[in-house]
Amino acid sequence: LMQLHREFGPVASFWWGTERVVSVASPERWKEISRHVERPVELFALFEPLMGEQSLHFADSQEAARRKKAYVEPAFNHVAMRNIEMIFAEVAAETVQAWRSAEIVPAYSNAVNASMKCLARSTFGDSIEATSELEELELAYSTCWRDFEIRLSGSFPEKGSYRHKAFVSAKKVLVDTSRRLLRQRQEEDGQGKCFLDYMNQVEETNSTEPVSMLVEGVHTTGALIAWALWHLAANPTIQERMHSELVEVLGSRTFPCMSDMSRLSYTNAVISETLRHAVITPWAARFSYEIATVGSYSVPPCTPIIHALGVVLQDEYIWPNVREFDPERFLRADVIAARPPLAFSPFGFAGRRSCPAQRYAQVQACIILSAIVKTLALRPAKGQEAPVPVHGLVTVPSQEFYLEVKERSRE
């Protein structure tokens, strides 16, 4: 997409397989299409074998709005997040404890593992506390995710092949676990302690919906935490400024609660700059049943329109010194005011069809990163080069990267 828009400008068209699509990389043009909220199923077809065609991911806008109001929004509102933040704190404490006894840590895999723990516990509740069951779930999820990444390149598994059998087996673990725990929580009459409890409050539930939560959340938030850890380790001045803020705001506490977060301006700026610099989610897509006007172009009804989020987040005309990791971009009022309103849209911008768990990801990242930086000093392991980003479903490092960790003296 970067090359496409560099060559053809902010609005361009290309073939996605046999589908003609339009890509838009302009905050000004995004305003014109922000009311279009239908999701083009064909562009997300690789997820269908796991999520199922009844998933919220594939629902039309009216059905998606109904389900979001019924159980997604209640599960991620401010009150619900008060319960979930305790899960984040538990996982943060476990991560810090494990890192205290290590000199070098594989940061990316540890970040994804922490994200998996957070999502599994907040989705399934204490029904999945057993380590062996969580490990089985994580292995099954990883198998499916790797297959999705391969499918994105155009390679789909042949039925009966080893790859196909591995995917089907992993899918069975995820769906069977979801179905069993959904029924178990229903019998226990859970009261809003996890995502399954909110699903059980509606008459019709889809047992693959919790699986969709894992697919959409684990690598997204895991990658956010991992890239932030790298930039903090590679930029000691930024790391120490964040640490100083945490000491000032938290005192002797290890991690923040939600009421602290409005005072953690620099920590929040680090997270925002990570979302911009790493381009965690490179693109989104929507369509309209009517003719869509994009600048001087008329886009035919039902044509998929790609929101080139990553292209705008890497636009040097919007972000001076675009390759530099600089949290100050999100602290200076004059710099913020000079940016187009939608320029920073790392989770998308399509109104009621935007990411429902944006708050979840940001709170989780804030708590886990704060606990690590408050307790441990980070730096790249000897010989570790800067990770090379791979832009796929989510932007991830091309391979594992390692950090040296050292416990800080207690303030």
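Modeller: Two rings of Phe, Tyr or Trp make a pair if their centres lie within 6.5 Å, with Trp represented by its six-membered ring. Keep in mind that this is a predicted model.

Biologist: Fine, and how many aromatic pairs turn up in the whole structure?

Modeller: The search gives 15 aromatic pairs. Y71, F76, F88, F195 and Y360 belong together in one aromatic cluster.

Biologist: What makes R151 count as lying over the face of F167?

Modeller: The charge has to be within 6 Å of the ring centre and within 35 degrees of the ring normal. R151 is over the face of F167, at 4.4 Å from the ring centre, so the distance falls inside that cut-off. R39 is another case: this arginine lies over the face of F44, at 5.5 Å from the ring centre.

Biologist: Now the interior. Which residues touch the most other members of the largest nonpolar core?

Modeller: That core has 107 residues, and F47, F148, L174, L214 and Y360 touch the most other members. Helix 10, residues 209-234, supplies the largest share of the core, with 15 residues. Then there is a second, separate core of 25 residues, with V22, W30, A292 and W319 among them.

Biologist: Take F148. What is it in contact with, beyond its neighbours within four places in sequence?

Modeller: The contacts of F148 are L46, F47, L50, F167, V215 and L393.

Biologist: And why is W283 called buried?

Modeller: Buried means under 20% relative accessible area. W283 has 16%, so this tryptophan makes the cut. W283 sits in the loop between helix 12 (265-278) and strand 4 (284-286). Leaving out residues up to four places away in sequence, W283 touches L1, W16, L43, F44, I306, H307, L309 and G392. The C-alpha atoms of W283 and A308 are 4.9 Å apart, although 25 residues separate the two along the chain.

Biologist: How do you know whether Q364 is buried or exposed?

Modeller: The relative accessibility of Q364 is 0%, and the limit for buried is under 20%, so Q364 counts as buried. Q364 belongs to helix 15 (residues 358-375). Not counting residues up to four places away in sequence, Q364 touches F88, A114, S115, C118, T221 and I225.

Biologist: What is unusual to look at in the backbone of V279 and N321? Start with the phi of V279.

Modeller: V279 is not a glycine, yet has a positive phi of about 50°. V279 lies in the loop between helix 12 and strand 4. N321 also has a positive phi of about 50° and is not a glycine either. N321 is in the loop between helix 13 (309-313) and helix 14 (333-338).

Biologist: Why do you put V279 and N321 into the buried or exposed class?

Modeller: V279 has 4% relative accessibility, under the 20% limit, so V279 is buried. N321 has 58%, and exposed means over 50%, so N321 is exposed.

Biologist: On to the sheets. What makes strand 1 and strand 2 a pair?

Modeller: At least two bridges are needed. Strand 1 (residues 11-16) and strand 2 (residues 19-24) have six, so they pair, in the antiparallel sense. One example is F14, whose bridge partner in strand 2 is V21. The two strands form a hairpin with two residues between them, and G17 in the turn has a positive phi of about 65°.

Biologist: Why are strand 1 and strand 4 called edges of the four-stranded sheet?

Modeller: That open sheet has the order 1-2-7-4, with mixed pairing. Strand 1 and strand 4 each have a single partner strand, so each is left with one side lacking a neighbour in the sheet. Inside the sheet, strand 2 pairs with strand 7 (residues 305-307) in the parallel sense over three bridges.

Biologist: What order does the open sheet of three strands have?

Modeller: The order is 3-11-8, with antiparallel pairing. Strand 3 (104-106) and strand 8 (376-380) are the edge strands, pairing on one side only. Strand 8 and strand 11 (residues 402-407) share five bridges in the antiparallel sense, and P380 stands opposite L403. Helix 5 (residues 78-100) packs on this sheet, touching strand 3, strand 8 and strand 11, with its direction at about 65° to that of strand 8. Helix 15 packs on the sheet too, touching strand 8 and strand 11, and its direction makes about 95° with that of strand 8.

Technical notes: Residues numbered from 1 in each chain as written. Predicted model: local features only at pLDDT ≥ 70, side-chain atom pairs only at ≥ 80, totals over all residues. Heavy atoms only, no water. Core = buried A, V, L, I, M, F, W, Y, C linked by side-chain atoms within 4.5 Å. Buried < 20%, exposed > 50% of the residue type's maximum accessible area, 1.4 Å probe, protein only. Contact = heavy atoms within 4.5 Å. Phe/Tyr/Trp six-rings, centres within 6.5 Å; stacked < 30°, edge-to-face > 60°. Axes fitted to C-alpha atoms, helices over the stretch in contact; angles between N-to-C directions.
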